[in-house]
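Trainee: I would like a close look at one part of this protein. Could you pick out the charged pairs and take me through them step by step?

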Amino acid sequence: MSNIESVKDLQELVGKEIDFFLEDDMFEVEGMVKKENEQFIVEITGASEHIFEIAGKFLEIKIENKKTYLKKLDSNNEFSIFINKVYKSINNPTKEELCALTAQDICEFFRSSDETIIAYNDTTGTWLITFFGDDLPSGKIKSYKTLEELYDDCYPEMKGKWEAIYYKFETWHP
């Protein structure tokens with residue numbers, strides 16, 4: 001799933017996490033897509049308090065006319081949403097797990113705890129890892145020929161919770 005517009009069947013999102021914006025709202029919302037009783041549901045797992053007041057914790061997700069909507073389960077209130085990112089969390093990934101994900105065309109990984117990014121650069125044919133921090137506001141980038149080489153060289157930094165990115169709207173690497 002390289003492009004969210006290519007999602008024709010919500011089954012593709014089941015078991016994945018999504019970051020999205022409700023129509024006309026500037027706060028990003030995090031949720032998990034599930035399927036219950038033939039209905040596709042988003043459980044909101046991270047949001048500001050006003051989002052929970054407006055939308056609740058569980059909503060039906062649907063696609064109509066190439067747009068994505070969430071519908072409250074207890075009313076007909078419906079919200080148009082913009083999906084910013086589709087991902088699956090992995091904890092302390094092994095080199096083999098990351099390589100298996102790249103075989104599924106996943107070429108970006110993100111660790112939100114320190115905003116470290118691993119991404120494949122199509123232009124140069126290299127894997128990049130970018131480290132951010134208070135002392136590195138614009139990031140420190142290291143480049144590798146293979147993901148295996150990157151993993152081996154950066155092994156101590158590979159611990160933690162990473163997001164395997166299936167789709168994202170923003171661009172992180174040049």
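Mentor: We start with the whole chain, then go through the salt bridges, and end with two loop residues.

This is a predicted model. The protein has three helices and 11 strands. Read from the N terminus, the elements run β-β-β-α-β-β-β-α-β-β-β-β-α-β. The protein has 174 residues, and 40% of them count as buried. The accessible surface comes to about 10000 Å². Carbon and sulfur atoms make up 47% of that surface. Now take the contacts with a separation of 6 or more: 46% of them are between residues 24 or more positions apart.

Now the charged pairs. The structure holds 11 salt bridges. We will look at some of them.

Begin with lysine 168. Where does lysine 168 sit? Its place is in strand β11, which covers residues 161-168. Is lysine 168 buried or exposed? Its relative accessibility is 15%. Buried means under 20%, so lysine 168 counts as buried.

Which residues does lysine 168 touch, leaving aside its neighbours within four places in sequence? They are Asn84, Lys85 and Glu108. Take Glu108 from that list. The side chains of lysine 168 and glutamate 108 form a salt bridge, with 3.3 Å from N to O. Lysine 168 belongs to strand β11 and glutamate 108 to strand β7, so this pair ties together parts that are 60 residues apart in sequence. The two side chains are also joined by a polar contact of 3.3 Å. What about the cover on the partner? Glutamate 108 has 23% relative accessibility, so it counts as partly exposed. So this bridge has a buried lysine 168 and a partly exposed glutamate 108.

Next, lysine 85. We have met this residue already, as one of the contacts of lysine 168. Lysine 85 forms a salt bridge with aspartate 19. The closest N and O atoms are 3.5 Å apart. This pair links distant parts of the chain. Lysine 85 is in strand β6 (residues 78-91), and aspartate 19 is in strand β1 (residues 17-22). They are 66 residues apart. How covered are the two partners? Lysine 85 has a relative accessible area of 6%, so it is buried. Aspartate 19 has a relative accessible area of 3%, so it is buried as well. There is a third member to add. Asp19, Lys85 and Glu163 are linked in a network of salt bridges.

Now turn to lysine 35. Its side chain meets that of glutamate 38 in a salt bridge of 3.6 Å, N to O. Lysine 35 is partly exposed, at 35% relative accessibility. Glutamate 38 is at 66%, and exposed means over 50%, so glutamate 38 counts as exposed.

Last, two acidic residues in loops. Aspartate 105 has a phi near 70°. That is a positive value in a residue other than glycine. Aspartate 105 lies in the loop between α2 (95-102) and β7 (108-111). With 69% relative accessibility, aspartate 105 counts as exposed. Glutamate 115 is not a glycine either, yet its phi is positive, at about 60°. Where is glutamate 115? Look in the loop between β7 and β8 (116-121). Its relative accessible area is 47%, so glutamate 115 is partly exposed.

Technical notes
Residues numbered from 1 in each chain as written. Predicted model: local features only at pLDDT ≥ 70, side-chain atom pairs only at ≥ 80, totals over all residues. Heavy atoms only, no water. Helix = DSSP H or I, 4+ residues; strand = E, 2+ residues; numbered from the N terminus. Buried < 20%, exposed > 50% of the residue type's maximum accessible area, 1.4 Å probe, protein only. Polar contact = N/O pair within 3.5 Å; in protein donor to acceptor, adjacent residues only side chain to side chain. Contact = heavy atoms within 4.5 Å. Salt bridge = Lys/Arg side-chain N within 4 Å of Asp/Glu carboxyl O. Areas by Shrake-Rupley, 256 points an atom, 1.4 Å probe, with all protein chains shown as cover.
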